[in-house]
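This report goes through selected local and interface features of the structure shown below, taking backbone geometry, helix packing, chain contact and burial in turn.

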Amino acid sequence: MIVLRDVSKTITEPDGSTRALFDRLDFDLREDDRSVAITGRSGSGKSTLLRILAGLDTDFGGTYEHDGHVLERTARRMAAHRLRHIGIVTQDHSLLGDRSVLDNVRLGVPARADSADRAHDALEAVGISHLAGKRPRRLSGGEAQRVAIARAIAKRPAVVLADEPTGALDETTEDDVLALFDRLQQAGTKFVIVTHSERVAQRCGRRLQLQHEQLIARGT
Amino acid sequence: MELLNDLRSNWTIIVAKIVLLVLLTLCWHNVASFTQSTSQAVAQGLSADADVDLYTVVDDLDPDAFEAIRRDQHAVDDVASFVDRIDDEPGFDFISSYDQPITVQDFRGDDRFDVGYGTEYTLNGKYQDESGRSVQDIKSIQLNETAYEFAGLSVQDGKPIEWNAVDWGSGRIPVLLGNEYRGVYELGERLTRAVILQEQELEVIGFLEPDSAMYFRGEATHYLDDTVIVPYPPTLGGLDRAALDRLDPELFGRLVFQVLNADLAVEHSLDFGDVVARLYAIGDDTGFRSYTLLGVPAYLVQLSLVRQLIQDNLVLVTALLVVLTAGVGVVTAFLHRLLHHRRAPVARVHHLLGRSPDATNRLFRASRLTEYTAALGLFLTSSALLPNDSAMARLGAGTALLLWCVADGALGRRAVRIELTTQRRRGTPR
Amino acid sequence: MTKQQITAITGLLLLAMLLTVLIGVFDARRRVVAAEGNDLRSGQSAWVIATIDELMRARSAFEPGTKVFVGLDGDVRAVAILSGRWTDVPLHDGPALTGRPGEALAGADVAVRGDDIAVDGKPYNVVGRLGVRADSLLSDDVVLGDPSRFSASPQRLLLDGPSSVRHYSAEFPGRSVEIIDDGTNRRTNVDAVSPVLVALGALVIMLIAVVAGLQAGRWELRTAAVRFTTGIRPLNTLRGAAARVAVIGTAACTTALAGAAVVRQTTILDLDVTTAVVAVGTVVLAVSVTSLWQGTRRWNC
C-alpha cells in the first residue's frame, strides 16, 4: 500500500550541527498488514518517520509510493493524499477547544453533505456519541483520545497513523483504546503506531525498530 | 465556518487591533490635513473657490507724512501706480473695500440704514448740514471688482456693475443697494450723496440678493442688506485726473489711500517671504514704499499660529508621530502574536487532517479581510466627520493603512506557513 | 527573567516613557500657543465686577492657575495670581512671573532699557519676553505682576482659570458674569490634531505598559513554576518578581523624569510629567504582579 524507498534525512540540531536521521531507509505497509508498531529510542526519528508517512514532512531524499504510484513530494500533493487515504491520531489529541466534539470530528470529513452523519457514525464506533455536544476541555484524557480517533476514522481512511496514542493514558484506559484499535483493524483499517510502550508494540501484528538510521524488523 | 469560529474566539484582539490602527491612521490624516486646512479655513469667509492666504496692506505713514504725500501730486501718482501694480500682479488678488459712510440728502430710509445703527458709531439720524439741507450718514461699502467677485455677490434685480465704465470724474457713479432698500428706492433713481467727502450723483442700477454678505476687516460675514455698494474706479492711474480735480482737488488723494488699505489674497504657492519680496519689487518700481504687510486678522492669526505650531514644531510632531507609530507597532505586534497563538492550533489541525498549507492559510483570509475592511471603513467614516476633512490627506493616510494591512496579512500568512512546516520538538517550551 | 527578557521589558518601558515625555512637551507647547492666540486667556474666562481684595479673600475657592487681569493703559495690564502658578505663559525668552514684587513680562517690540521698563513712572524688572516667537500677537503687550495696580473699589476685571466662572458664581452668587467664549476655536475648530495625538498617545502608552506587565508576568511565571516544584513558596517568588519589575520600572521612571528636567532647563516650557510617568510605572508593576499571582493560583497551593 504505502512504500518508502531509500529515505534519507538529516536534521539540524539546536547547536547548529547536522545529524543523519535516516540513511536509505525502506518501509512498506503491506496489504496483509493489520498493524505495524514502530519503536526506537528517544530522538531516533519515530515521530519524524510518521510525519513523512503522513505527508506532513516532504523534506527528505527517496520516494513515497502509494499503490504502486510514486507521489510528487510537494506539500499540496501530499495533503491531498493525506486527505483521501490517511487518518492521524497524535498524542496530544489536537482537539480544538472553540467547538464541540461533533464539530471537531466533522473537521476530519472532507466537505460533503453527509459529513454530520459520518461524524456521528465515527463517534458511535468509538463509543462516545453521548459526548457529541460537549466541549473538549470538559473531557477526560481517555475521552479526548477517543474523539481524536473518531476524527481520524470519520472519513474511513485506509490507514491510521498514531503517534504515541496512549502515551498520556493510564493502563486501564490504554487497554480500552487498544481494544478499540483491534475492533477497527477487524473492520479493515490498517494502523501504523509509533510507540515506546512494550504493551502497545506487542499488540501489533508487525514490529519495526528504528536503529542506526534504519528500520529493523523485530519479533512480536 | 472558520470565519465565525475565529471571530467568536478572537473578537477582542481583532477589535483592539482595529481601534489602534484607526486611531493611528487618524493621527496621520490629521497632521497631513491640518496644514492644508488652515489656509482653507482662513479663506472661508471669502468666495467659495477661495483657496488662498490672506494679508492686509496698510500705509504706515504718520499723520504729517500722510498730509505731505496727499499734497504732492507726484507722490500720490506713485501710490496710485503702486496700487494698480499690485492689482495686476499674477497670483495676487487685491481686495479693496472700505466702509466710509455716505451722506445722503433727503434720505428716505429709516434709522436701520444709519451708520450708527448696530455699530460702534453714534446713531445721529437725520441732521442739517452747513447748507441747511436735511442729510443722513448711511452705511456704505466702497469696493473694487476683485472684492466684489471674491465675495461672490450677485444682483437679484437690475443689472450688475460695468466695472470698466465706472468713472468718478463724471460725477455719476452706478451703485447697488442691499435687499432691504427695496421699497425705499427704485431702480434708476438718482441720489445726491457725498462719497469720500465729495458730492456725487449715484444711480441705483440694481439690488443685491437677500442676505448678501462679504468678508470685511476680520469679520467673516458682514451683511450688506442695509448697505449701499459703491464701486471703485477700475484703475487709479487711468482716471481722468482733470475731471476729478475739477470736482475736488483732493478727491484723488483721498481715494488712492482709501483703495490702498486693502486685503491681499495670495496663492498658496507663495509664502510670506515671496509676498514681501514681490511687494518690495513693486515698491521699488513705483517709488512708494511706505506700506506695511500685516498678518491676517486676529482669529485668522491664531489659525496661522497653530499651523505655525505644526510647521515650527514639525520635528516634534514628526518625532511624536514616529514614536507613536513605533508604539502602535509594538502593541499590534504583541496582539498579532497573541492572535497567531490562538489560530495556530486550528491551522495545525486542518493541516493535519489533509488541508494543503495554502488552503490552511486561506482559512483566516475572511477574518483578516473583515478586520481590514472594518479598519478602513471606520477610518474613512471618522475622517469624513472631522472638521479638518481633506481628501488628499485621507487618500494618503488610507493608503498607508492599506499598506499596513497588506503587511499584517503577509506576516500572518508567513507565521502560519512557518507553523505548519516546523516540527515541534517535545521538551522545554519556548 | 533572563538578561534578554529584562532588556526587552526595559526597552518597552523606555518606549512608553519616551512617548510620555514627548506628549508632555507637545501638550505644554500647544497650551502655550493657544494662550498666545487667546490674548493670554486660558479659554475659561469672564469679565466680572469685583475688587482684588475680595477675590484674594476667596482665593481658596479657585483652582490652581486662576488669575485676574486688569487693563491699564493701551496694551498694558496688571495680573494677580489667585491660586497656584501661572504656567502656560507664551514666552520666547526668560521665565514667567515668579511672584516677586516689581516683575513684568513684555513683548519683543516693547522698549526695554537694560532689563527694566517704567510704567507711569514706576520701574519694573522685565523677567520674561512675551510671545512664542518675537513676532507675535503679544509683541506690544506688557503684563505687570503688581496687585497694587488694582483699584480698591469694584472694577471690571478679567477672571481666567480652570472652571473660574463656576467657582466665582459659587462664591459671589447673583453677581453678573460676562463669559468670554473661546471664539477662535469655536468658529474654526482650529486644533483638531492635538486631541487625537494626545489621546492616542495616552492609550498607546497604557497599552505598552500593560503589554510589558503581562509579558514580564508570563516570563516570571515560568520561572516561578519551576521554583514551585523545588519547594519555594509562590509568595516568595512573587516578592522576588515584584522587586525585579519594580527596579526596572523605577529605572525607567527616573530616566523619564531626568529627561523632563532636561527639557525644562533647555526650553521655556513648564513641563510636568511626574504623574503620568509614575502612573505608567505603577501599571506595569500592577499588571505583572496580578498576572503572576493569577498564574500561581492555578497551582492550588
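A:Asp67 sits in the loop of chain A that runs between strand E4 (61-66) and strand E5 (69-70). The model is a predicted one, and in it A:Asp67 has a positive phi of about 50 degrees although it is not a glycine. As background, most residues other than glycine have a negative phi. Chain B offers a like case in B:Asp106, whose phi is near 50 degrees, again a positive value in a residue other than glycine. B:Asp106 lies in the loop between strand E4 (102-105) and strand E5 (127-128) of chain B. The surroundings of these residues are set out in the table.

| Residue | C-beta neighbours within 10 Å | Class |
|---|---|---|
| A:Asp67 | 11 other C-beta atoms | exposed |
| B:Asp106 | 11 C-beta neighbours | exposed |

With a cut-off of 12 or fewer other C-beta atoms within 10 Å for an exposed residue, A:Asp67 is exposed because it has 11, and B:Asp106, with 11 such neighbours, counts as exposed by that rule.

Within chain B, helix H3 (residues 73-88) packs against helix H6 (residues 251-260), their axes coming within 10 Å and crossing at roughly 35 degrees. The crossing of H3(B) and H6(B) is left-handed. On the side of H3(B) the contact is made by B:Val76, B:Val79, B:Ala80 and B:Val83, while H6(B) contributes B:Phe252, B:Gly253, B:Val256, B:Phe257, B:Val259 and B:Leu260. Sorted by class, this contact of H3(B) with H6(B) holds nine nonpolar residues, one polar residue and no charged residues.

Between chains, the contact of chain B with chain A takes 16 residues from chain B and 15 residues from chain A. On the side of chain B that touches chain A, the elements giving two or more residues are helix H1 (2-42), helix H9 (314-352) and helix H10 (357-362) of chain B. Of these, H9(B) gives the most, with six residues. The chain B side of the contact divides into six nonpolar, six polar and four charged residues.

In chain C, helix H7 (residues 274-297) has 24 residues, which at 1.5 Å a residue should span 34 Å, and the end C-alpha atoms are 34 Å apart, so the expected and modelled spans agree. A number of residues in H7(C) are buried, including C:Ala276, C:Val277, C:Val280, C:Gly281, C:Val283, C:Val284, C:Leu285 and C:Val287. Among the other buried residues of H7(C) are C:Ser288, C:Val289, C:Leu292 and C:Thr296.

How values were computed:
Residues are numbered from 1 along each chain as its sequence is written. Chains are lettered from A and ligands numbered from 1 in the order in which they are written. This is a predicted model: local features need pLDDT of at least 70, side-chain atom pairs count only at pLDDT 80 or more; totals for chains, interfaces and linings use all residues. Axes are lines fitted to C-alpha atoms, for helices over the stretch in contact, and angles run from 0 to 180 degrees between N-to-C directions. Helices (H or I, at least four residues) and strands (E, at least two) are DSSP runs, numbered from the N terminus. A crossing is left-handed if the near helix is turned anticlockwise from the far one by less than a right angle, and right-handed if clockwise. Two residues are in contact if their C-beta atoms, placed from the backbone, lie within 7 Å. Ala, Val, Leu, Ile, Met, Phe, Trp, Tyr, Cys and Pro count as nonpolar, Asp, Glu, Lys and Arg as charged, and the others, Gly among them, as polar. A residue is buried if 20 or more other C-beta atoms lie within 10 Å of its own, exposed if 12 or fewer, and partly exposed in between; C-beta atoms are placed from the backbone. The expected span of a helix is 1.5 Å times one less than its number of residues.
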